[in-house]
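User: Hi! I'm new to reading protein models. Could you help me see how the terms fit the numbers?

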Amino acid sequence: MSTETDTESSMKDGFSKYADYLNNLNDKRERVVKASRDITMNSKKVIFQVHRMSKQNKEEVLDKAVKDLAAVTDQYLSRLVKELQGTDFWKLRRAYSPGVQEYVEAATLCNFCKTGTLLTLDEMNATLLPLSDPSVEPLQINILDYILGLADLTGELMRLAIGRISEGELDFAEKICSFVREIYRNLTLIAPEMDDSSDMKQKMETMLQSVMKIENACFSVHVRGSEYIPLLGSADTSYPLLGMPDIE
């Protein structure tokens with residue numbers, strides 16, 4: 001009789017531990033989702049700040065964008081790092097992935113506008129190390145979220161290129177075009193090998209539209225000259241970008 005009682009008691013203890021583990025994991029997931037949303041919202045503000053750039057205020061706008069990005073890192077991303085460091089954070093990846101992708105998009109956009117180069121994954125992860133406790137495994141941005149963030153970056157660069165053309169900065173727009181084309185070319189080699197490729201397939205289609213829209217805009221300026229530039233910001237449908245639809 002005592003053996004059955006001991007067995008029942010050990011089972012209750014075991015299930016109680018499982019229940020505590022799942023409850024703690026769900027609580028952690030809720031906190032991670034909240035942190036991810038905050039990162040997303042504030043990273044979008046950084047992106048909007050970059051789009052305020054013009055020939056007259058470029059340095060001022062970019063300096064503010066870089067400061068705002070640093071604030072996102074220190075105030076919001078640090079919360080996510082502290083929540084996930086030292087844990088098996090792959091279990092919660094879907095909870096924090098949207099925020100990390102938006103952060104990658106904002107950081108790479110700022111870096112390109114400042115330096116004309118791509119901010120690498122290693123460089124991004126290096127900025128996260130000081131946020132972590134050195135005694136535990138640090139949270140690092142994984143390659144999948146980095147690639148998905150890069151795919152979204154191309155859409156923002158398309159909008160930036162169209163804006164630069166409308167202000168007569170064709171050289172900068174052509175630089176953006178080459179950069180976006182190179183990202184797309186490299187990702188076409190990677191995308192088929194990705195295990196979780198459903199999101200990436202859709203992003204690749206959107207990315208191709210962005211590449212084509214930048215190319216067509218630059219081409220139209222070369223062909224039609226300065227008469228085409230004012231039409232980029234107009235609602236006149238008689239001058240489509242060689243049949244390319246607007247991208248939301």
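Analyst: Happy to; we'll go from the overall fold to helix pairs, salt bridges and a surface patch. This is a predicted model, where local features need pLDDT of at least 70 and side-chain atom pairs count only at pLDDT 80 or more, while totals for chains, interfaces and linings use all residues. Residues are numbered from 1 along each chain as its sequence is written, and side-chain values use heavy atoms, with hydrogens and water left out.

User: What makes up the protein chain, in helices and strands?

Analyst: The protein chain has seven helices and zero strands, running α-α-α-α-α-α-α from the N terminus. Both kinds of element are DSSP runs numbered from the N terminus: helices are H or I with at least four residues, strands are E with at least two. Of the 248 residues in the protein chain, 45% are buried. Buried means under 20% relative accessible area, exposed means over 50%, and partly exposed lies in between (1.4 Å probe, protein chains only).

User: Why are helix 2 and helix 3 called roughly antiparallel?

Analyst: Helix 2 (residues 58-84) and helix 3 (residues 93-115) pack at an angle of about 150°, with axes 10 Å apart. Axes are lines fitted to C-alpha atoms, for helices over the stretch in contact, and angles run from 0 to 180 degrees between N-to-C directions. Angles under 35 degrees count as roughly parallel, over 145 as roughly antiparallel, 65 to 115 as roughly perpendicular, and the rest as oblique. Helix 2 and helix 3 are therefore roughly antiparallel.

User: And why are helix 3 and helix 5 called oblique?

Analyst: The axes of helix 3 and helix 5 (residues 143-166) cross at roughly 45° and come within 8 Å. That angle falls in none of the named ranges, so the pair is oblique. Handedness is another label: helix 2 passes helix 3 in a left-handed crossing, whereas helix 3 passes helix 5 in a right-handed one. Left-handed means that the near helix is turned anticlockwise from the far one by less than a right angle, and right-handed means clockwise.

User: What makes Asp38 and Arg79 a salt bridge?

Analyst: A salt bridge needs a side-chain nitrogen of Lys or Arg within 4 Å of a carboxyl oxygen of Asp or Glu. For Asp38 and Arg79, the N to O distance is 3.1 Å, so the pair qualifies. It links distant parts of the chain, with Asp38 in helix 1 and Arg79 in helix 2, 41 residues apart. By this rule the count comes to 14 salt bridges.

User: Which of Asp38 and Arg79 is buried, and which is partly exposed?

Analyst: Asp38 is buried because its relative accessible area is 10%. Arg79 has 34%, so Arg79 is partly exposed.

User: How do you know that Arg185 and Glu182 are about one helical turn apart?

Analyst: Arg185 and Glu182 are three residues apart in helix 6 (residues 170-190), which means a separation of about one helical turn. Their side chains meet in a salt bridge of 2.8 Å, N to O.

User: Last one: what makes Met11 partly exposed?

Analyst: Its relative accessibility is 49%, so Met11 counts as partly exposed. Met11, found in helix 1 (residues 2-50), forms a nonpolar surface patch with Phe15 and Tyr18, with about 380 Å² of accessible area together. Patches are made of residues with over 30% relative accessible area and no salt bridge; like charges are joined within 9 Å, and nonpolar side chains (Val, Leu, Ile, Met, Phe, Trp, Tyr) within 5 Å. The areas come from the Shrake-Rupley method with a 1.4 Å probe, and for residues only the protein chains shown count as cover.
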